[in-house]
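Take a look at the structure below. We will go from the overall fold to one particular pocket.

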Amino acid sequence: GINAEYMGKDSMSAPQPKEEQYTQEELELINEVESKMKGLDDKLAQFNQIKDIASAEEFGPTPEQTAQMDRISDLPVIDRKGRVLHTNEEIHKRYKEGLPGLRLLELPYCVDCVKKKIYFWTIASAFGSLALNQHRLLRQGKRIRDMKFKPFMTGYFMILFAGTVFSIAESVTFEAFCNINSIHYRVVDNNQQLMRELKEKLKR
């Protein structure tokens, strides 16, 4: 019992290890070593990435890389205006599956072209109706301020309707954007072939 009590006193009176305290120079050296180790880790990660790319080019992508590329290819491509962009292959597929009278709606360049022309007529129709009503009032010996709202709107919608029908008919008949067989929707595997065809057309 005495020995145990003596040993307990010795253990209680034994000095506890003190925490190591570093000087400012030692702390700076430790931080420098840690930053260099982090830089080595980054370079090692870049090297592994380059090695994976090189092996994929030589032996083909791994199953994990193929699955990742498939997931990425399934994501839609969206432009700055939030519109989904389709490839020419998808446009041809949607055009063939569409209804005969509505297939042109699957041609994005054609739709944009017609929209711009209709937008032009929404503004031009106002000036056209104003000019027609002004001419009618002058023939009747009246002043411009005698113009009524109803005749003005009637002339506006008549010009807008006629301009819209004309623009749609003109675009469908003459615009290359509204032709599925035009160069804008051509599916070309080789970009150099497409550039040669464009140069030949420009020479003509």
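The paragraphs below cover the chain as a whole, then its second largest pocket.

This is a predicted model. Its secondary structure comes to seven helices and two strands. Read from the N terminus, the order of elements is α-α-α-β-β-α-α-α-α. The two strands thus follow one another in the order, with three helices ahead of them and four after.

How much of the chain is buried? Of its 204 residues, 14% count as buried, that is, under 20% relative accessible area. The exposed surface of the protein chain is about 17600 Å². Carbon and sulfur atoms supply 60% of that area. Contacts tell another part of the story. Among those with a separation of 6 or more, 52% join residues 24 or more positions apart.

Now turn to the second largest pocket. Its volume is about 160 Å³. Two elements give two or more residues to the lining: helix 5 (108-139) and helix 6 (149-174). Which of the elements gives the most? Helix 5 does, with three residues.

The residues themselves are quickly located. Gly101, Leu102, Leu104 and Leu105 are among the lining residues. So are Cys110, Val111 and Val114, and the lining also includes Ile168 and Val172.

What is the chemical character of this lining, nonpolar, polar or charged? Eight of the residues are nonpolar and one is polar. No charged residue takes part. The polar one is Gly101, because Gly counts as polar in this division.

Methods:
Residues numbered from 1 in each chain as written. Predicted model: local features only at pLDDT ≥ 70, side-chain atom pairs only at ≥ 80, totals over all residues. Heavy atoms only, no water. 1 Å grid on protein atoms, 1.4 Å probe; cavity = no way out; pocket = protein on both sides within 12 Å on 5 of 7 lines; lining within 4 Å. Points joined across faces, edges and corners; volume = space filled by probe spheres on them. Buried < 20%, exposed > 50% of the residue type's maximum accessible area, 1.4 Å probe, protein only. Contact = heavy atoms within 4.5 Å. Areas by Shrake-Rupley, 256 points an atom, 1.4 Å probe, with all protein chains shown as cover.
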